[in-house]
Amino acid sequence: MDHSGHGSGMNMDLPPFTLGRGLEFSPDLFFLVGCVMALALYGWGVVRLRRRGDGWPAGRTIFFVIGVLSVALVMCTKLNDYGMVMFSVHMVQHMIISMLSPILLLLGAPVTLALRALPVAGRGNRKGPRELLLMLLHSRYMKIVTHPAFTIPLFIASLYALYFTPVFDFLMESKPGHLGMMVHFLAVGLVFFWPIMGVDPGPHRPGYVMRMLELFAGMPFHAFFGIALMMATQPMIGTYANPPASLGIDALTDQNAAGGIAWAFSEIPSVLVLIALVFQWYRSEQRVARRADRAADRDGDKELVAYNAYLASLQARGR
């Protein structure tokens, strides 16, 4: 049975894929509205802080904007159209929206911005937007969905349980199913990387070593998934088993390319996150050192004086 392009509602006579053609504007209304709203709300928060005299790092704004644009790139261009009929293009979408976009969005610290920009509750016991957000952050639900025991299996299952079962073909048969799958990819990436990045406050704030362990716990499974696709001797996904003749591609060759993309993307985000973690760790150590220096200035460096006295007493005993 030919599953290609089910429910896409687009012209199936696509010409052969090229990068320039893939980047042509072809908006998905749901993601277009979502991206515009995300940029507008973030911009409102930054402007609100500036108007009351508070600063907000330009770097965070840049990261967030690039993150939103990366989502728009894969969902509001022809890449999305080609992704309905080419496994390799779909895998580019999946990897970007689940592994690159979440990292960039989290580096923008949107939760921190919201906590600083949202108005607090008025007089009385009425809860304001900021209090509601804090309640959500400290809720049992958030503690569960951001815990490594939940995020790591979910991260892995989003590959194997989706692509190696009939679930993927079922979702690709309708536009809502496809949209739901892409939203799922983005959400899984956000909850997986949120505690690892540690930029925004959350229920879990593990130490830097534990964050690195959480990061690398999921990455090998991405590599194994990619290798499995690359070594397959027949098409494994019904949706892409019979690509349109106009594309001039072979289903198995396209699947092998998709596997290579999945394998490569298991490395790139890991390096980006590792660099960010090392930088955060360095800054944290610098802050600790500065606090120690200030404490020493206030008490006349009593610890150093006591240590020198201890050494002097040992020397006297030796004599």
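A residue counts as buried when its relative accessible area is under 20%, and that cut-off will be used at several stops on this tour of a predicted model.

**The whole chain.** Begin with the protein chain in cartoon view, where 15 helices and zero strands are found. Of its 319 residues, 43% are buried, while the accessible surface comes to about 16,800 Å², with 67% of that surface belonging to carbon and sulfur atoms. If you turn on contacts between residues at least 6 apart in sequence, 77% of them join residues that are at least 24 apart.

**F185.** Next select F185, which is placed in helix α11, residues 175-197. Its relative accessibility is 1%, and F185 therefore counts as buried. To see what surrounds the residue, show H90, H94, I97, S98, S158, L162 and Y163, with which F185 is in contact when its neighbours within four places in sequence are left aside. A distance label drawn from the C-alpha of F185 to the C-alpha of I96 should read 9.4 Å, although these two residues are 89 apart in sequence.

**A109.** Move now to A109, in the loop between α5 (87-107) and α6 (110-117). This residue has a positive phi of about 50° although it is not a glycine. Most residues other than glycine have a negative phi. With a relative accessibility of 0%, A109 counts as buried, because the cut-off lies at 20%.

**The pair α2 and α3.** Select helix α2, residues 29-51, together with helix α3, residues 58-75, and look at how they pack, at an angle of about 170° and with their axes 9 Å apart. Since angles over 145 degrees count as roughly antiparallel, α2 is roughly antiparallel to α3. On the α2 side the contact is made by F31, C35, A38, L39, Y42 and V46, and on the α3 side by R60, T61, F64, V65, V68, V71, A72 and M75.

**A nonpolar patch on the surface.** Finish by switching to a surface view and selecting F221, F224, I227, M230, M231 and W263, which make a nonpolar surface patch of about 610 Å². Which helix gives the largest share of the nonpolar patch? Helix α12, residues 208-231, does so with five residues. W263, in contrast, lies in helix α13, residues 251-265. The relative accessible area of W263 is 41%, so this tryptophan is partly exposed, that class covering the range between the under-20% limit for buried and the over-50% limit for exposed.

Methods:
Residues numbered from 1 in each chain as written. Predicted model: local features only at pLDDT ≥ 70, side-chain atom pairs only at ≥ 80, totals over all residues. Heavy atoms only, no water. Helix = DSSP H or I, 4+ residues; strand = E, 2+ residues; numbered from the N terminus. Buried < 20%, exposed > 50% of the residue type's maximum accessible area, 1.4 Å probe, protein only. Contact = heavy atoms within 4.5 Å. Areas by Shrake-Rupley, 256 points an atom, 1.4 Å probe, with all protein chains shown as cover. Patch = residues over 30% accessible without salt bridge, like charges linked within 9 Å, V, L, I, M, F, W, Y side chains within 5 Å. Salt bridge = Lys/Arg side-chain N within 4 Å of Asp/Glu carboxyl O. Axes fitted to C-alpha atoms, helices over the stretch in contact; angles between N-to-C directions. Parallel < 35°, antiparallel > 145°, perpendicular 65-115°, else oblique.
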